[in-house]
Protein chains: 2
Amino acid sequence: MRTYLECIPCFFRQALEAAQMVTNDESKQKAVLDAVAKKIPEFPMDATPPEMGITIHSAVKKAANHTDPYLHLKNIYNEKALSIYPALREEVKRAEDPLLLAIRFAIAGNVIDFGPTSNFDFDRELEEIRTRPFAIFDYEKFKKALSETEEVLYLGDNAGEIVFDRLLIETIKKPTVYVVRGEPIINDVTVEDAKKVGIDKIATVITNGSGAPGTILRLCSEEFLSHYQKAGLIISKGQGNYETLSDEKRSIFFLLKAKCPVIARHLGVKTGDIVLKGPR
Amino acid sequence: MRTYLECIPCFFRQALEAAQMVTNDESKQKAVLDAVAKKIPEFPMDATPPEMGITIHSAVKKAANHTDPYLHLKNIYNEKALSIYPALREEVKRAEDPLLLAIRFAIAGNVIDFGPTSNFDFDRELEEIRTRPFAIFDYEKFKKALSETEEVLYLGDNAGEIVFDRLLIETIKKPTVYVVRGEPIINDVTVEDAKKVGIDKIATVITNGSGAPGTILRLCSEEFLSHYQKAGLIISKGQGNYETLSDEKRSIFFLLKAKCPVIARHLGVKTGDIVLKGPR
């Protein structure tokens, strides 16, 4: 997905919110906005939005004087999600369609707003995800692809959410390669998050070699690309991965909630809708 | 009022919306955003937001290849407002407190969104303005200042809204100097608007000599400043005039609806509140 002009005001909103989370120094917050502003005139509109995410969050790291300013918050979210994981695992086991319920919970992980200033209510969000209709629901196609593949390549998204990814991987019961970001960026998953929630015990964890908040293939490592090229089924979580891979002609299934109007329009759904979207 | 960091994402949103109104050419729309982006790093945060308005709207004029891209829309709003003016004038005449009702209608002019893409419902907006409580209501102070002054300096804001200004000026019945912008900018009032709605017949119309969407004193003409310095009572309509004059120690009464959270916070009111705020 390309960058739309509507993304530009949103880049500044995101940059300001991110800067305000890591420093109270207004001149440092302004420096983050200046870094984004300087990038705008040269930013190619056919690039995906997470390319700008790199600019935004490297400026935020500089303002915070820390390479992982969200570390503490990521840990909080991982722990919160882990605390309800056993109950959800039991519920999935007993479900009429365990795979579908695990998919729903994995989307719930993405539905729940892990923006560090938000208070979120797991119970309410998870309650809703059990019955919310999918706006795009390529479930039969997904099950077919799953039955035909020997290995699943699973592209993670956020801390906290990763616990729900674990539950889906355990439900799928196929050899899985779980992909995290190559560097900390916002609250996106890293190797440390994968270890903290025990995904390393049930899947092979690799990084994509890039510090973008998405999967920008030209920035990814050889190791990741070799997995990507041969994968029979790719599960892609969240908006950042969708934005960077939506034009790819591969067996990718996007699991996400459309949280912004630009992505919703690109998907042909409404803001707030949930989707399980396979290849066309 | 200074510029707050929250204004920066909003500058880009406004610039995009304005650009989209005057051209369908995405590269021209992007050029408007680029012009704003280039200005951000050098923009002094102690300047008022309308200083950036000049940058935004000179870029919009360039994109539109027209010095007054909103001319047609301003005419539509003037005509719509003029069509209900006679009935409102009668209602004010019969009112228990004609001055207060005329003030309410003058704020309604500012309440009604004259953003050119909006459909607005005069009747509903005006109905609400009749009973909406003021969040700041310096009415007694206003009446006292009015009784003591020989002349009123009235700072206009938007096309359409100017018709309601006329009704308030007619109700006040004091010699009035009505001030319009020195150049077309957005849908702000110009000499042409003043003539179209007949304000020139009941007041002396002057321009402030500047093309800013507010009253930036250092950019205003000598003629305007001489009126401003001697005025016993200044009525200031709308957000742009508030943003640029809120720190002035003069007998200024601000009539406006707080349409954005930054201005609401600066006023100590809630977004959507209406105010009649005099000097402290």
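Biologist: What makes people put a kink at A:Tyr85 in α4(A)?

Modeller: The helix axis bends there by about 40°, shortly before the proline A:Pro86. The bend at a residue is the angle between two axes, one fitted to the seven residues ending there and one to the seven starting there. Chain B has its own entry: α4(B) carries a kink of about 40° at B:Tyr85, shortly before B:Pro86.

Biologist: Before we go on, what sort of model is this, and how is everything labelled?

Modeller: It's a predicted model, where local features need pLDDT of at least 70 and side-chain atom pairs count only at pLDDT 80 or more, while totals for chains, interfaces and linings use all residues. Residues are numbered from 1 along each chain as its sequence is written, and chains are lettered from A and ligands numbered from 1 in the order in which they are written.

Biologist: How do you know that the length of α4(A) agrees with what a helix should span?

Modeller: Helices here are DSSP runs of H or I with at least four residues, strands are runs of E with at least two, and both are numbered from the N terminus. The expected span is 1.5 Å times one less than the number of residues. For the 24 residues of α4(A), 71-94, that gives 34 Å, and the end C-alpha atoms are 35 Å apart, so the two agree. In chain B, α4 (71-94) reaches 35 Å against an expected 34 Å.

Biologist: Which residues of α4(A) are called buried, and what do they pack against?

Modeller: Buried means 20 or more other C-beta atoms within 10 Å of the residue's own, exposed means 12 or fewer, partly exposed is in between, and the C-beta atoms are placed from the backbone. A:Lys74, A:Tyr77, A:Asn78, A:Ala81 and A:Val92 make that cut. They pack against α5 (98-111), α8 (161-172) and α9 (191-196) of chain A. In α4(B), the buried set is B:Lys74, B:Tyr77, B:Asn78, B:Ala81 and B:Val92, and their cover includes α5, α8 and α9 of chain B.

Biologist: Why is B:Gln229 called exposed or buried?

Modeller: Exposed, because just 9 other C-beta atoms lie within 10 Å, and the limit is 12 or fewer. B:Gln229 sits in helix α10 of chain B. Its C-alpha is 8.7 Å from that of B:Arg250, 21 residues apart along the chain.

Biologist: What makes β1 and β4 of chain A edge strands?

Modeller: Each pairs on one side only, where pairing takes at least two DSSP bridges between two strands. The open sheet has seven strands in the order β1-β7-β6-β5-β2-β3-β4, with mixed pairing. Neighbouring strands are turned by 15° against each other on average, direction ignored. At one edge, β1(A) and β7(A) (274-277) run parallel over three bridges, and A:Ile136 has A:Val275 as its bridge partner.

Biologist: How do you know that β5(A) is mostly covered?

Modeller: Five of its five residues are buried. A:Leu233, A:Ile235 and A:Lys237 point one way, A:Ile234 and A:Ser236 the other, and all are buried. In general, side chains in a regular strand alternate between the two faces of the sheet.

Biologist: What makes β5(A) a partner of β2(A) and of β6(A)?

Modeller: Four bridges join β2(A) (152-155) to β5(A), in parallel, and the cut-off is at least two. A:Val152 is bridged to A:Leu233 there. Another parallel link, again of four bridges, joins β5(A) to β6(A), with A:Ile252 as the bridge partner of A:Ile234.

Biologist: What lies across β5, β6 and β7 of chain A, and at what angle to β6(A)?

Modeller: That's α5(A), at about 55° to β6(A). Axes are lines fitted to C-alpha atoms, for helices over the stretch in contact, and angles between N-to-C directions run from 0 to 180 degrees.

Biologist: Last one: how many residues make up the contact between the chains?

Modeller: 17 residues of chain A touch 17 of chain B, counting pairs with backbone-placed C-beta atoms within 7 Å. On chain A's side, α1 (7-22) and α2 (26-39) each supply at least two residues, and α2(A) gives the most, with seven. By class, that side has 10 nonpolar, one polar and six charged residues. Nonpolar covers Ala, Val, Leu, Ile, Met, Phe, Trp, Tyr, Cys and Pro, charged covers Asp, Glu, Lys and Arg, and the others, Gly among them, are polar.

Methods
Two residues are in contact if their C-beta atoms, placed from the backbone, lie within 7 Å.
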